[in-house]
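Me: I am new to this structure and would like to go through it step by step, with the reasoning shown for each point.

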Amino acid sequence: MKYAQLVIGPAGSGKSTYCAAIQKHGESTERFVQVVNLDPASEVFNYKCAFDVRDLISIDDLADDEDETLSTMGPNGSLVFCMEYIANNIEELEQAIDAAEDDYYLFDCPGQIELYSHMNVMRTIVDALKSWDFNICAVFLLDSQFMVDVDKFMAGALTALSTLMVLECPAVCVLTKMDLLKSEDRERVEHMLNSEMSTLLNENPPSAFSSAYRKLSEKIASVMDSYSMVSFQPLDLQEEESISDLLLNIDNAIQYGEDADVKDKFPEEVDPEDDTGEW
Amino acid sequence: MADSSKPEPKRPAVLGNTVTRDQPPVVLVLGMAGSGKSSFVQALTAHLHKSRNFPYVINLDPAVRKVIFPANIDIRDTVDYKKVMHDYQLGPNGAIMTCLNLCCTRLQEMIGLVKKRSTEFPVCLIDAPGQIEAFTWSASGSIITDSFASTFPTVIAYVVDSARSTNPTTFMSNMLYACSILYRMKLPFFLVLNKSDIVDPAFLEKWMKDYEELGTSIEDARDAYINNLTHSLSLVLDEFYSTMTTVKVSSRTSEGMEDVMAAIEKCKEEYFEKYQPAFNELLKERLEKDVQQASDMLDKVNVTERNPQVVEEEEAMEDE
């Protein structure tokens, strides 16, 4: 088995930063994490890239293309073109990644929702990864500063769902940038993470909006309470503990380390006759 | 502190103005990339032009190459997408975000322009950027929406591509996204089933009315866990549809544009019934918080008398 995290989330949710942090964390915990950039329009990132999809095709390649329909495409059209190219040439990706048994990969994916819901490209990539013997967990990142009240929290969960229901693989939702929240907001978010959604709804002070959509909110809350797919995990990259807690959850989802060999940490046996006490 | 009581907020509306019914509605056109937002705006504009009822149109997409409708305000006059990309060394996504952020700094002027003309047009249409998350999951997107919503009765038109939604999973995912926008923006909302000339959106309406039908369409090729989830989700969406106004349109044949105008009027009424009270509450809360903060800060400011001799000694010590 090979293991992979598919790192997804809207632009600016901190996907690349997350990848860099996990890679660094892996270095100190004896886990070799390789990162693959799957976003043809990505910018600067500070992780060590095992393979960059921009070597295969990038937005800039299109801009320089002789064919005028390609070079004058808008940002969205060219992204779709690139992703479709990758999906159609998936063997090239397999060769480029060249994963061995027990390897651990992170895939830094593009965030555009259309690639998941309207087009088959991301699903094709996920299915291909599965067929290459990967155990995959989708990691959906959302910026915690957009989640500071109950309604926005629900909006976030729905956004995550609209992407994850297409991929059909185990998933973990993560609230990033917890360290940037103001302390009162942080308390509120932590309270929401630790409570059932339906209880939160009752705590929320009634307003014209909440009474108009009362029934809808209740139904969303019941889905969020009964499916762990949309339960969020806080992540504070400043704290190693927060990272290892999250990794533990993801490892559970992809069964990482369950069939690993037992590592014998004792020093090799020393022949007592050789041991004369002198060095 | 002689007087510990909170100072009363004397100015009732510092952040916004009272929105009145004689103001024209502002329609924010949202939808996934390629759903036909711009074409929809164009068709609606053309329809209104026919009856010489000229709308006010704003283009907020910095990355669009050609605006296909007569725009009164074009964000591309304010910011240059290509230049932003080059100057700040940004990729396409970052550049769209930065353009919107830059636009926010001039937002009051933009709203001022619209307000000045507000007696002359029946409706103001705003075409949002193609990358939907650049608008829905960014700070600038909510600043723009909130600012308009505090000045005009603002409603959201969510454009759905009927032709692409023939796949039930796509449709469901799209609707969940729409629902998440409703919760994030908290504004009156109506669905526009676009491209009815290519596919008759009747099947979508059928799915909306009968969630079991949608459920069975999805269930065929899926495993049990996802089936369970989609079933629960279709129950959620069933409730969502029952509260939503839906219109079928074709931007090509401009079929259904009268229905759109009716939907806008209906949503405008909703704005005054449900949203304005909620908005005023929020405004009041924020104002009280501001006043509280200001008075807290005032408490910290005290006039103290200094002894000139001590000050001299301190300064001498610092010099050492």
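What follows is a set of questions and answers on this predicted model.

Me: How many helices and strands are there in chain A?
Reply: Before the count, it helps to picture the extent of chain A, whose C-alpha atoms fill a box of roughly 85 × 60 × 30 Å along the principal axes. Within chain A, the elements come to 13 helices and seven strands.

Me: What percentage of the residues of chain A count as buried?
Reply: A residue counts as buried when its relative accessible area is under 20%. Chain A exposes about 13,300 Å², with carbon and sulfur atoms supplying 46% of that area. Of its 279 residues, the share that counts as buried is 54%.

Me: Among contacts in chain A between residues at least 6 apart in sequence, what share joins residues at least 24 apart?
Reply: The contacts considered here are those in chain A between residues at least 6 apart in sequence. Within that set, the share that joins residues at least 24 apart is 74%.

Me: How far apart do the centres of the positive and negative side chains of chain A lie?
Reply: Chain A has 18 positive side chains and 55 negative ones, and each set has its own centre. The distance between the two centres is 11 Å.

Me: Is E68(A), a member of a negative surface patch, buried or exposed?
Reply: The patch is formed by D60(A), D61(A), D64(A), D65(A), E66(A), D67(A) and E68(A), and E68(A) itself is found in helix α3, which covers residues 68–71 of chain A. Exposed means a relative accessible area over 50%. Because the value for E68(A) is 59%, this residue counts as exposed.

Me: Which residue forms a salt bridge with R31(A)?
Reply: R31(A) is in the loop between α1 (15–28) and β2 (33–37) of chain A, and its relative accessible area of 15% makes it buried. The partner lies 220 residues away, in helix α13 (residues 240–254) of chain A, and is buried as well, with a relative accessible area of 10%. The closest N and O atoms of the pair are 2.7 Å apart, and the partner is D251(A).

Me: How far apart are the closest N and O atoms of K152(A) and D149(A)?
Reply: K152(A) is partly exposed, with a relative accessible area of 25%, and D149(A) also counts as partly exposed at 25% relative accessibility. A salt bridge needs the nitrogen within 4 Å of the carboxyl oxygen. The two residues form such a bridge, and their closest N and O atoms are apart by 3.9 Å.

Me: What is the N to O distance in the salt bridge between R252(B) and D197(B)?
Reply: At 73% relative accessibility R252(B) counts as exposed, whereas D197(B) is partly exposed, with a relative accessible area of 30%. The side chains of R252(B) and D197(B) meet in a salt bridge, and the N to O distance is 3.0 Å.

Me: How much accessible area do M73(A), F81(A) and Y85(A) have together?
Reply: M73(A) has its place in the loop between α3 and α4 (75–88) of chain A, and at 30% relative accessibility it counts as partly exposed. Together with F81(A) and Y85(A), M73(A) forms a nonpolar patch on the surface, and the accessible area of the three residues together is about 220 Å².

Technical notes. Residues numbered from 1 in each chain as written. Chains lettered and ligands numbered in written order. Predicted model: local features only at pLDDT ≥ 70, side-chain atom pairs only at ≥ 80, totals over all residues. Heavy atoms only, no water. Patch = residues over 30% accessible without salt bridge, like charges linked within 9 Å, V, L, I, M, F, W, Y side chains within 5 Å. Areas by Shrake-Rupley, 256 points an atom, 1.4 Å probe, with all protein chains shown as cover. Lys, Arg positive; Asp, Glu negative; His and termini not counted. Charge placed at Lys NZ, Arg CZ, Asp CG, Glu CD. Helix = DSSP H or I, 4+ residues; strand = E, 2+ residues; numbered from the N terminus. Buried < 20%, exposed > 50% of the residue type's maximum accessible area, 1.4 Å probe, protein only. Contact = heavy atoms within 4.5 Å.
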